[in-house]
Amino acid sequence: MSKSKITPEEALAFHLEPSPGKFEVRATVPMTTQRDLSLAYSPGVAVPCEAIAENPEMAYDYTNKGNLVAVISNGTAVLGLGNLGALGSKPVMEGKAVLFKRFADVNSIDIELDTEDPDAFCQAVKLMGPTFGGINLEDIKAPECFIIEQRLKEEMDIPVFHDDQHGTAVICAAGLINALHISGKKIEDVKIVLNGAGAAGIACIELLKRMGARHENCVVCDTKGVIYQGRTDGMNQWKSAHAISTKLRTLEEAMKGADVFLGVSVKGAVTPAMVQSMAENPVIFAMANPDPEITPEEAHEVRPDAIVATGRSDYPNQVNNVLGFPYLFRGALDIHARAINDEMKIACAEALAELAREDVPDEVALAYGKSLSFGRDYIIPTPFDPRLIHRIPPAVARAGMDTGAARRPIIDMDAYELNLKSRMDPTASILRGLNARARAAQARMIFAEGDDPRVLRAAVMYQRSGLGKALVVGRADDVKAKLEKAGLGDAVSELEVVNAANTAHLSTYKDFLYNRLNRRGFDAQDIHRLAARDRHVFAALMLAHGHGDGMITGATRKSAHALERINHVFDADAAHGAVGVTALLYKGRIVLISDTLVHEWPDDQDLATIAEKSADVARHMGLEPRVAFVSFSTFGYPISERAEKMHHAPLVLEERGVDFEFEGEMTVDVALNTKAQAAYPFCRLTGPANILVVPARHSASISVKLMQEMAGATVIGPILTGVDKPIQICSTGSTANDILNMAIFASCKIG
């Protein structure tokens, strides 16, 4: 991840569109008929109500309690912003709720309590206990957070977890296990210095002591220096528990000879001189956010042997709570746990540490744009490692079962792990990988329609996200005015605005275009108008001459018009093998539909070519192609002349000897459903098709728009493939984010 600049306007727009906030609630049961309503509510709902009243454990079977976590705060310590109040904390709590869903498929709801009274807070949470399977406390200031968590843990029979404390502690512990493994030291022998005796710091040192660190070897410091036995200034019961008998009084003194430094304090708290004074192979976890106590560059300048971690995503070894809390709760919920105890936290830390020592999957390396292997710069798994979901929760669940925290133990752990693997949305890793590839490519992207605010916002996002250079075709004064109106006036100086009046290459472009079109009825005056006044043609000419690496257009004109203009410069038509592929993302599945742009009524040879081009797109996206030629008939029934070409197209692919799975003709339900395919044992597909080749462009358009409007599927495309250069054509209804996605596809040279 990069140090991309996020403006206030972008952040506000993200939370405003397409609807205010970051999530919504959807029904998981049918709610269409009177019978559905009778089952969902009165009178049918009475049956599970009575069952639960008789046996409360049945709530986990008949309600969403077993997969529902409340994210609760009073807003007294929001991020690094201080006391913003309950309502001011709501965007953060919504964000935490969607992280639960994104990383561990845990349903979550945010609750903001408008009180700073610990008694009132605890009473409110306790009264809500029957609703939830777990409570995640967040952004509550110390020392109230200690009081609140302890009371709720004692009074409630579901897991209560203050992530600011224990989430940081678990990831810190995981990293320290591996850092000590590399440095050849044991936790019971090392001297640990902690700076920052707030919620996270106290939780870190307590967990490490449970894992074997010796009390006398742990020096805790706060803003007033070392916490020693006999000190009275600025003390409380939680600090006093970690006071030691020592003559050390300052952080500087404590750092001499220390093996480990843990920082959850403030920027600049540690100097290079302090690091210099540490023991051999020092471990430095500078976790202050947004800026660490000392940067890795500063630490390594004086101690090249140091192992350094921070809370930042733009440095190696990020101590990121998202590696912990989703999977801790996933494991705890799945055993209907009464609590998340220390053994479960330690199991989580040990499982994370073990995972980091294993070979890193290719998709992780692809997502981060570099190879990762266990060592000084990789001691903690990355948040997007797909193995986390099926490795960490089972470890947590086992620890919960072993310690008696489970109400309902998991009998078949192998089946549980398989179930976890199937829970997660594979589309997320695919899109993340594309982003990483685009960032590595650093393409100069030509945005042809610089007079459209959506295009300008996409261009700004492209550049500020570190994906490459944005070249905008338009008039400088118009671009400036539209950016300022969109609240992006500071981006005016960042974008390069290009047009026929300010390029030195116009005559070259016109000569090139004249040589292409002079035998197609275009004279010199026509050529001038096209090259100098048509932004689609001008942008295509820039691309053809290497003055950009990819091109985005189509947001302001119909795709057929944009394609016709591009075809003046490139061979972007059916005769030359161009194909349009649209990606549908829905409920964790990606299905490509072809051809959605170029071929009006393809014959069997065209259909075979469309399948081959679509397979290339699928592979670029990280999918193993499985092509289905779809129709209203399946393997010859019912018989129809219209379906005949869909029957012949697979025979053409057989003759061409392609290296991907294909089958047809078949109806869509057979193509997408393995159970339906089982009725045809000769079917060559080994799973649901992920590429649907349709009979004609009109059927492709109907399919895509129906899924978009009725099902709410995410649509990417049409992706133009089979053209010499990366060109992508957006739809006229595209949002700025849609346009950005198309730019990413162009940057990855998908097409």
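**Entry 1. Helix α26**

I looked up what the buried residues of α26 pack against, and found α24 (524–533), α25 (535–544), β14 (550–553), β20 (714–721) and β21 (727–729). I note here that the model is a predicted one. Within α26, which spans residues 559–566, I listed H561, A562, L563, R565 and I566 as buried.

**Entry 2. Helices α18 and α19**

I then turned to α18 (residues 388–402) and α19 (residues 413–423), whose axes lie 9 Å apart and pack at an angle of about 140°. I recorded α18 as oblique to α19 because of that angle; the class of roughly antiparallel is kept for angles over 145 degrees. The crossing of α18 past α19 is right-handed. On the α18 side I noted I389, H390, P393, P394, A397, R398 and M401, and on the α19 side M413, Y416, E417, L420 and K421, as the residues that make the contact. By class, I recorded 8 nonpolar, 1 polar and 3 charged residues in this contact of α18 with α19.

I followed H390 further, a residue placed in helix α18. Is H390 buried or exposed? I entered H390 as buried because its relative accessible area is 15%, and buried means under 20%. Once neighbours within four places in sequence are set aside, H390 is in contact with E417, L420 and K421.

**Entry 3. Helices α9 and α10**

I examined a second helix pair, α9 (residues 163–183) and α10 (residues 199–210), whose axes come within 8 Å and cross at roughly 45°. I therefore entered α9 and α10 as oblique to each other. Their crossing is right-handed. From α9 the contact draws on D164, Q165, H166, T168, A169, V170, C172, A173 and L176, and from α10 on A199, A200, A203, C204, L207 and L208. I recorded the residues of this contact as 11 nonpolar, 3 polar and 1 charged.

**Entry 4. Aromatic pairs**

How many aromatic pairs does the structure hold? I found 11. One of them is Y509 with F538, which I recorded as edge-to-face, at 5.7 Å centre to centre and with 75° between the planes. The pair links distant parts of the chain, since Y509 sits in helix α23 (residues 506–517) and F538 in helix α25, 29 residues apart. I found both Y509 and F538 buried.

I also looked up F635 and F682, an edge-to-face pair with 4.9 Å centre to centre and 70° between the planes. F635 lies in the loop between β17 (626–630) and α28 (641–656), and F682 in the loop between α30 (674–677) and β19 (691–693), so I noted that the pair ties together parts 47 residues apart in sequence. I entered F635 as partly exposed because its relative accessibility is 22%.

I further noted one aromatic cluster, formed by F100, F161, F325 and F329.

**Entry 5. Residue L39**

Lastly I looked up L39, which lies in helix α2 (residues 34–40). I entered L39 as exposed because its relative accessibility is 54%, and exposed means over 50%. Apart from neighbours within four places in sequence, L39 is in contact with G44 and V45. I also recorded a separation of 9.9 Å between the C-alpha atoms of L39 and V29, which are 10 residues apart along the chain.

Conventions
Residues are numbered from 1 along each chain as its sequence is written. This is a predicted model: local features need pLDDT of at least 70, side-chain atom pairs count only at pLDDT 80 or more; totals for chains, interfaces and linings use all residues. Side-chain values use heavy atoms; hydrogens and water are left out. Axes are lines fitted to C-alpha atoms, for helices over the stretch in contact, and angles run from 0 to 180 degrees between N-to-C directions. Helices (H or I, at least four residues) and strands (E, at least two) are DSSP runs, numbered from the N terminus. Angles under 35 degrees count as roughly parallel, over 145 as roughly antiparallel, 65 to 115 as roughly perpendicular and the rest as oblique. A crossing is left-handed if the near helix is turned anticlockwise from the far one by less than a right angle, and right-handed if clockwise. Contact means heavy atoms within 4.5 Å. Ala, Val, Leu, Ile, Met, Phe, Trp, Tyr, Cys and Pro count as nonpolar, Asp, Glu, Lys and Arg as charged, and the others, Gly among them, as polar. Buried means under 20% relative accessible area, exposed over 50%, partly exposed in between (1.4 Å probe, protein chains only). Rings of Phe, Tyr and Trp (its six-membered ring) pair if their centres lie within 6.5 Å; planes under 30 degrees apart count as stacked, over 60 as edge-to-face and the rest as tilted.
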